[in-house]
Each structure stands twice: as structure tokens, then as C-alpha cells.
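Work through the exercises below with the sequence and the 3D structure open. Try each task before reading its solution.

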Amino acid sequence: MSVFNYILFPGIIFAAAAGAAVCWIERKISALIQFRSGPPLLQPLYDILKLSRKETLIPAGAPAPVFLGAPVLGFSALILTAMILTEAGAGRGFAGDIFAVLYLLRVPVFSIFLAGASSPGPFSSEGASGEVRVFAACEVPLILSVVTVILKSSGELSLAGIHSIQSYEGAFAASLSGFIAFAAAFLCLMARSSRSLFDMPSSGRDIMGGVFAEYSGPPLALFMLSGWILDAFIPLLAVLLFLGGSGLSGTLLRYAGLLLFSALVKNIFPRLRIDQIEKFFRYPVTAAAAFSVLLGGLGL
Amino acid sequence: MIKPAAGSLWVYHFAASSCSNCDMEILEIFTPGFDSERFGIKEALSIRHADCLLVTGVLNPKSLSLLKKVRGEAPRPVKVAAVGTCALDTGIFRGSYNVLKPLDKYIPVDLYIPGCPPTPEALLSGLLGLYGKDKPGPGKRRKGRWIF
């Protein structure tokens, strides 16, 4: 890993560009579904440039190091996640990087919680508590589905290894236990990136942007970029774990399909309340994920 | 026909005791029919995200103090647009016992959009006019309130 890797590919520039592209694609799909023409191609770039020229306000009573450190923490963790996932998609990686990714995906939640807790507004606190409640509910089924994947790949612990096993044994999602685990994990990952029906913690209409209500200027731009990177790389994680695909084109095709599917889900379903999300993940999804571990252990 | 423009402008809607017709026309520009997103114009969720304040209605002492407070909470540079005849020159309410002077007598206004209410086309073309101006809005960055 050289400086080139950290800055350009697969580091900051690549992750941000991929995130911006995915953000544009999703906004365009939403626009087409609503019979609009949608934003121009460079709209994410314009938003980021505009935010970077604006003033950074620190609300009275907010601890400045925590308030400004939170977006940097989440952004740097997501850059690392994006680098590991890109490397794994290209067939490189290290044993146990699946745990590294699972660990790194928790850091943005922590950063969002810090952001909400350090802002003095009631909307921010509400958003932060919602984020943590959703996180606590969807963590167990996510880990259980990853356990199913590890069982099915007979103990393989690197993402690239899991991916390459599926290229000759067929996708895990094609088997019964794999499909149940895939559905559970996909729901958890969608909730983790606060998307579509699970975006109550950062909802605009109800709590004015949630944790981001007090953020302005460059820190808000960092949070927006982090959200886009999360949106871009979470389908890649699902593809590597469950869908396989031989070669770059097969992987990218599955990735595009998953992205389209999640964009459609986002536009079709209304959002759920926090307590509904909690109940949904705590009982049916956890039970399904546990059942998939059982089936995976039996070799189904 | 509105000229295609590129940029990013998040507008915050401040209704200073309007009759809510201007407010309905403002909401109209976000609908699929007018699709302000193709020009990068979005509704700001919180005042901290706002680039432009759309002020509608006649000012009274109470709404003026709130408006000044809200404008102080917005990150600079922030533009102010007076939307509708009432905000421009108090319209048919001029001389009423609780009505103050027009908006630009109290805070600097960058954009005047006349009409009772202004059409969504007028709103969009006015807002797009803000893209050409690269000057910062009213008020420079405040001392001690900014970092970068």
C-alpha cells in the first residue's frame, strides 16, 4: 500500500467518485419513477463544492472537538471499508477481512451517534437514539448470516476466498440456507446504511434531518460523502458474500442488479417507525438468520 | 423556456405570516411537474443547510424578530429572496395596524420575486438567476463563528 493507493485507487478519490456516481444513479432512478428528468450528472459534485465553501457553525454548548471529529471518524472508517471491499472484489485480501469489514461498518454508526449526542438540538438527539436502536436491533441477524456464509464456505474467512468459492460452486444465495441468510443480511445492511424504509433516524420531514440538523458546511459535506460511500459499497459486500459471480463483469452485473433492486425498494415502500424496525429485526429477521445457520450446519 | 443551469441551491422556506398562497407555489417547484432538482434546487431540511431564505408574507413585529433569529442561524453566505407582493412592499396590507415596512427595509434582499402569488416559473427563473452571481450573500463570514 503506497500513498497512491490511499489517495487515488482504491482510496479516497475512487471511493468518493463511486459514492457520488451511485448517489446520482439513485436520484436519477427516483426521478424517472416519478416522471421527472432528475439531477444533472455532476450534481453530487456541485453539492459537495458548494458545501465546502460555506461557513461551519458550531452550535453554542456543543463540544467542538467531538462535533467536528465525528464526521472525520466516520469518513475515515468508510474509506478503509471501501478499500478492503474493492481489493476483495479484485481478488486480493487477507484472512479475516470479513471481520474487519463488519467491525469497520460499526464505526459510522458510532460517529453518527457522537454527532447527534454532541449537537444540542432535540432533533439531533432523537436521530442519534434512533440510529443506535436500529443498529442494536440489526447487528445480531447480520452476524448470524455471516456465520452461515462461513459455514457454507467451510471455514473460509477472507472475502476474496468466499467470492471465488462461489464462482465455481454457484452462489450461496441459490441454496435454501444461503437465500434466507442473504435476505436477512440484505435487510440488515439496508438498515445499516439508513436507507429507504429504514431511514427514520435521518428523516427529513419528521425530525429535520435528524443528527445532521445542526451541521453546516464541510462537516455536512463529509457526512453526505460518507452516506454515499456506504450506499455504494454495501451492495458490493452483499455480492461478495452471497451472490458470487465469475470475473469482473459477472460481479459488476450482480452489483448493478442489487443496486437497481434496492433503489426500487426505496421508491416503492414508505419508511417504518423506529419501534417497527426494532421489532422487525429483533424477532422475525433474527429467527430467520438463526434458522439459516441451522440449515447451513446441516448442509442445505 | 428556462435556460438550463448547473449548481446547487438549497432553499429554506420562511413564512412570515403569509396567506399561504405563496407557500403553495413554493411547494409547487419541488413537484414532478416543475422538478427543481434538475437545476440542483432542493428544499433544505434545517436552517443550517440553507443557501437561500424564501421569505413570504407581510412582516409584523413577531415574525421580524423570528426572521432575524433564523437568518442569524444560517451559515454564510446565505441569500434572501422576497417572494410575493406582500414581502416586496406589503401589498394590500399596507397601513394596517400591525404591518411593518417591506422586507428590504430590515434585512438586505438579494432577489425579488413579484406576483400575488408568483408562478412557479417565476420562482424558478428567479432562483436560477442567483447562480450567475458569485458574490457572497449579505454579510461576510462572522468572526469567531467559522473554522475553515
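Three exercises on this predicted model follow, each with a worked solution.

**Exercise 1.** Determine how the axes of helix α4 and helix α6 of chain A are oriented to each other, and which residues meet.

Solution.
- Step 1. Take α4(A) as residues 64–89 and α6(A) as residues 106–118; their axes come within 8 Å and cross at roughly 165 degrees.
- Step 2. Angles over 145 degrees count as roughly antiparallel. The two helices, α4(A) and α6(A), are therefore roughly antiparallel to each other.
- Step 3. The crossing of α4(A) and α6(A) is left-handed.
- Step 4. On the α4(A) side, the residues that meet α6(A) include A:Val66, A:Phe67, A:Ala70 and A:Leu73; among their partners in α6(A) are A:Val107, A:Ile112 and A:Leu114.
- Step 5. Sorted by class, the residues of this contact are twelve nonpolar, three polar and no charged.

**Exercise 2.** Find the residues that touch the most other members of the largest nonpolar core, and the helix that gives this core its largest share.

Solution.
- Step 1. The core has 87 residues, and A:Ala185, A:Ile229, A:Leu237 and A:Ala238 touch the most other members.
- Step 2. Helix α11 of chain A (residues 218–243) supplies the largest share, 20 residues.
- Step 3. Beyond four places in sequence, A:Ala185 is in contact with A:Leu142, A:Ser145, A:Ala238, A:Leu241 and A:Phe242.
- Step 4. A second, separate core holds 35 residues, including B:Phe39 and B:Leu123.

**Exercise 3.** Describe the side of chain B that touches chain A by residue class.

Solution.
- Step 1. The contact involves 20 residues of chain B and 27 residues of chain A.
- Step 2. The chain B side has seven nonpolar, five polar and eight charged residues.

Conventions. Residues numbered from 1 in each chain as written. Chains lettered and ligands numbered in written order. Predicted model: local features only at pLDDT ≥ 70, side-chain atom pairs only at ≥ 80, totals over all residues. Contact = placed C-beta atoms within 7 Å. Nonpolar A, V, L, I, M, F, W, Y, C, P; charged D, E, K, R; others polar. Axes fitted to C-alpha atoms, helices over the stretch in contact; angles between N-to-C directions. Helix = DSSP H or I, 4+ residues; strand = E, 2+ residues; numbered from the N terminus. Parallel < 35°, antiparallel > 145°, perpendicular 65-115°, else oblique. Left-handed = near helix turned anticlockwise from the far one by under 90°. Core = buried A, V, L, I, M, F, W, Y, C linked by C-beta atoms within 7 Å. Buried ≥ 20, exposed ≤ 12 C-beta atoms within 10 Å, placed from the backbone.
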